[in-house]
Amino acid sequence: MSSEQTPTTPDAAGPRPRRLTYAAGLTALEGLGLLAGGVWMLVRGLTGQPDDRQQAVTGGLTLVLLALLPLLAARGLLGRKGWSRGPAVITQLLALPVAYNLLQSDSVAIPAGIVLAVVAVTALVLLLNPETTRALGIRGPGSAEK
């Protein structure tokens with residue numbers, strides 16, 4: 001492997017930047033929200049009277065499995081793993097259309113849409129911050145020779 005392909009190692013000796021910790025916390029919060037929603041759908045599907053039991057169980061299992069992505073990304077961010085920024089950014093990008101749909105509803109889902117949009121945009125700003133990038137050891141384009 002050439003030195004151009006070798007990722008830089010983050011400076012683990014110094015303290016973790018607060019921006020990175022906050023980004024990990026917001027990503028974990030989204031993962032926990034997905035997990036709670038999935039468990040709720042599973043319980044309702046198995047114990048309640050859903051319109052379609054199979055659909056409720058499948059939806060619940062899907063949300064539980066989807067919760068793994070942001071939860072693993074949050075753990076990686078806390079451990080300063082460079083790979084973790086990609087799944088964390090993907091989670092935020094997927095949350096934005098969900099927030100938009102919640103904002104378009106005429107119900108009590110509007111406040112949830114506002115909160116989700118604020119969390120997703122804040123996490124994106126934190127994840128794309130240069131300090132976070134340096135802490136994760138991610139090099140920008142054109143810096144392979146440095």
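**Group meeting: a helical chain and its first helix pair**

In this predicted model, the axes of helix α1, residues 18–47, and helix α2, residues 53–78, come within 7 Å and cross at roughly 165°. Angles over 145 degrees count as roughly antiparallel, so α1 is roughly antiparallel to α2. The crossing of these two helices is left-handed. As for the residues that form the contact of α1 with α2, they comprise 24 nonpolar, nine polar and one charged by class.

Allow me to turn to the chain that holds this pair. The protein chain contains five helices and zero strands. Read from the N terminus, its elements therefore follow the order α-α-α-α-α. The chain has 146 residues, of which 33% count as buried. If we consider the contacts with a separation of 6 or more, 68% of them are between residues 24 or more positions apart.

I come now to the annotation. Which residues does the UniProt record mark as "transmembrane region"? The unreviewed entry gives this annotation to residues 20–43, 55–74, 86–103 and 109–129.

Two of these annotated spans may be described from the model. Residues 86–103 are 100% helix and 0% strand, and the C-alpha atoms at the ends of that span lie 26 Å apart. Residues 109–129 are 90% helix and 0% strand, with 30 Å between the end C-alpha atoms.

To close, I return to the opening pair: α1 and α2 are roughly antiparallel, and their crossing is left-handed. Thank you for your attention.

Technical notes: Residues are numbered from 1 along each chain as its sequence is written. This is a predicted model: local features need pLDDT of at least 70, side-chain atom pairs count only at pLDDT 80 or more; totals for chains, interfaces and linings use all residues. Side-chain values use heavy atoms; hydrogens and water are left out. Axes are lines fitted to C-alpha atoms, for helices over the stretch in contact, and angles run from 0 to 180 degrees between N-to-C directions. Helices (H or I, at least four residues) and strands (E, at least two) are DSSP runs, numbered from the N terminus. Angles under 35 degrees count as roughly parallel, over 145 as roughly antiparallel, 65 to 115 as roughly perpendicular and the rest as oblique. A crossing is left-handed if the near helix is turned anticlockwise from the far one by less than a right angle, and right-handed if clockwise. Ala, Val, Leu, Ile, Met, Phe, Trp, Tyr, Cys and Pro count as nonpolar, Asp, Glu, Lys and Arg as charged, and the others, Gly among them, as polar. UniProt positions are given in the numbering used here, feature names are shortened, and annotations may be inferred rather than shown by experiment. Buried means under 20% relative accessible area, exposed over 50%, partly exposed in between (1.4 Å probe, protein chains only). Contact means heavy atoms within 4.5 Å.
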